[in-house]
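Me: I should like to go through this structure by question and answer. Please begin from the terms that the reasoning needs.

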Amino acid sequence: MSLSFFRNTVLLLLTLLFCSCLTTRKSVVKVTPLKGKYRENLLQQIQSLNTAYHTLNMTGTLLYRDSTNSFSASFVLRSVRDSIIIISLRPLLGIETHRIAITRDSIIIIDRKNKKFTSIYPGKVNRELQEESIVTRLFDILTARFPESYFAYKYYVTDTFIVATNLPRAKFKNILTGKTPIPIDNSETYYIADDPLRIIRYNLTSSQTSLDVRYEYISDTATTVKIDKILLQIQEGQHKREMELQLTSLEINLPVDVSFSIPESYMRYEFNTDKSR
């Protein structure tokens, strides 16, 4: 695994944790507010789904692309929501080369190949980091989970999906028709399909960075689906990074081992967070 690939992958993870939104222009013009019993029924369904997420065990293949690099590696991810996420990257023959621990206030990276490690404190990388735990944010994105504040969003119905957003109806409609420039600061939008209820796309905006997350599902049973792929795209000015997670397994609420330690013989190094390099 090249240093350039690993560095860009970590930068993408960092941006993913605290960034923004990407919306595409569509010709949808009908945006109807969801009100009354229809909104109440939807919120009840969301509440029932949100009560079941505590731990995550995920395996698969990570595909990374930017303007100059592309790479793939198998990965193992384990997490306890609101506590920690452990990511193991294994580009060759299942041998771990890097391990990343994301906690509520830091990111620790172990480089097995070069026997060194580093620590990153997100508040120093992005001063706009909100109080929400970065572990919770990433856990919810990986599991296509609705936010804790789902009840406070505005809900609209379009021709093809349900939308939960903090944007007023007129501004959201203008985004869909291309009349409003993007990204819009501090906006968050969930695109929802029903039967069964699931998030199919997620947009988040902050400052001038943009995040777009899309989910692909396969049938699990006759009435349920499970995530098959997660497609992430981050745009910062003219710089675009993409990551695709092709999942081989995703287990919720089973025991997970999130033990993490740094070998005493490993040397500390400084991780450069300058995105221009």
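Reply: A contact here means heavy atoms within 4.5 Å. The model is a predicted one.

Me: With that cut-off, what share of the contacts in the chain with a separation of 6 or more comes from residues 24 or more positions apart?

Reply: The chain holds five helices and 15 strands. Among its contacts with a separation of 6 or more, the share from residues 24 or more positions apart is 59%.

Me: How much of the chain is buried?

Reply: A residue counts as buried under 20% relative accessible area. The chain has 277 residues, and the buried part of them is 49%.

Me: Is Lys35 buried or exposed?

Reply: Lys35 sits in the loop between β1 (32-33) and α2 (36-50). Its relative accessible area is 60%. The cut-off for exposed is over 50%, so Lys35 is exposed.

Me: How far apart in space are Lys35 and Tyr155, C-alpha to C-alpha?

Reply: In sequence, 120 residues separate Lys35 and Tyr155. Tyr155 touches residues including Thr32, Pro33, Leu34 and Arg39. From C-alpha to C-alpha, the distance between Lys35 and Tyr155 in space is 7.9 Å.

Me: Which helix gives the most residues to the largest nonpolar core?

Reply: The largest nonpolar core has 50 residues, and Tyr155 is one of those with the most contacts inside it, together with Ile102, Tyr215, Ile230 and Leu245. Six residues of this core come from the helix that gives the most, residues 134-142, which is α4.

Me: How many residues has the other core that lies apart from the largest one?

Reply: Among the residues of this other core are Phe161, Val163, Leu167 and Phe172. Val163 is also one of the residues that Tyr155 touches. The number of residues in this other core is seven.

Me: Which element gives the most to the lining of the largest pocket?

Reply: The largest pocket encloses about 640 Å³ of space. Its lining has 27 residues, and the closest to its centre are Tyr53, Tyr217, Val225, Lys226 and Ile227. Two or more lining residues come from each of α2, β11 (198-206), β12 (209-219), β13 (225-236) and β14 (239-252). With five residues, the element that gives the most is β14.

Me: How many residues of that lining are nonpolar?

Reply: Pro counts as nonpolar here, and Gly as polar. The lining of the largest pocket includes seven polar and five charged residues, and its nonpolar residues number 15.

Note on methods
Residues are numbered from 1 along each chain as its sequence is written. This is a predicted model: local features need pLDDT of at least 70, side-chain atom pairs count only at pLDDT 80 or more; totals for chains, interfaces and linings use all residues. Side-chain values use heavy atoms; hydrogens and water are left out. Helices (H or I, at least four residues) and strands (E, at least two) are DSSP runs, numbered from the N terminus. Buried means under 20% relative accessible area, exposed over 50%, partly exposed in between (1.4 Å probe, protein chains only). A nonpolar core is a set of buried Ala, Val, Leu, Ile, Met, Phe, Trp, Tyr and Cys residues joined through side-chain atoms within 4.5 Å. On a 1 Å grid over the protein atoms alone, a cavity is a set of points where a 1.4 Å probe fits but cannot get out, and a pocket is an open set with protein on both sides within 12 Å along at least five of seven lines; lining residues have an atom within 4 Å of a point. Grid points are joined across faces, edges and corners, and a volume is the space filled by probe spheres set on the points. Lists of a residue's contacts leave out its neighbours within four places in sequence.
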